[in-house]
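Trainee: Could you walk me through this model and the words people use for it?
Mentor: Happily; let us look at it together.

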Amino acid sequence: MPDQITISDFEAVDIRVGTIISAQPFPEAKKPAVKLTIDFGPGIGHRKSSAQLTVHYKCDQLIGRQVCAVVNFPPRQIGPFVSEVLTLGMPDEDGAVVLVRPDLRVPNGGKLF
């Protein structure tokens, strides 16, 4: 069984929804990845993310998709790119990333609760 956390621990992680507005190959990454720009709405704005989405997604198919991301981690340098948010995914049977996203369209910037 995983370690238990408190509700305060959970509330400290700021998970928001945003829409991918740009997706480009990231050949400089150690593992195959894509550079994303995600629009989180007026409160947060546009943020960049590196995500290992190359198995199930093509860059042009990602544009316009809503995704969930942690927006309150510090920026992380990944090669020549600074990733500002952590785009969330779950592994498929083979370990490839499948995006976590809302079932229905919701306003950008909405907080997971």
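The talk below turns to charged side chains and how they are labelled.

Mentor: This is a predicted model, where local features need pLDDT of at least 70, side-chain atom pairs count only at pLDDT 80 or more, and totals for chains, interfaces and linings use all residues. Residues are numbered from 1 along each chain as its sequence is written, and side-chain values use heavy atoms, with hydrogens and water left out.

Trainee: What makes R16 and D14 a salt bridge?
Mentor: The term asks for a side-chain nitrogen of Lys or Arg within 4 Å of a carboxyl oxygen of Asp or Glu. R16 and D14 meet at 2.6 Å, N to O, so the pair fits that definition.

Trainee: How do you know that D14 forms a salt bridge with K111?
Mentor: Their closest N and O atoms are 3.5 Å apart, so this pair also meets the definition. D14 lies in the loop between α1 (7-12) and β1 (15-25), while K111 is in the segment after β9 (97-99), 97 residues apart. Shared partners join D14, R16 and K111 into one network.

Trainee: Why is D14 called buried?
Mentor: Buried means under 20% relative accessible area, exposed over 50%, and partly exposed in between (1.4 Å probe, protein chains only). D14 has 15% relative accessibility, so it counts as buried.

Trainee: And why is K111 called partly exposed?
Mentor: Its relative accessible area is 37%, so K111 falls in the in-between class.

Key. Helix = DSSP H or I, 4+ residues; strand = E, 2+ residues; numbered from the N terminus.
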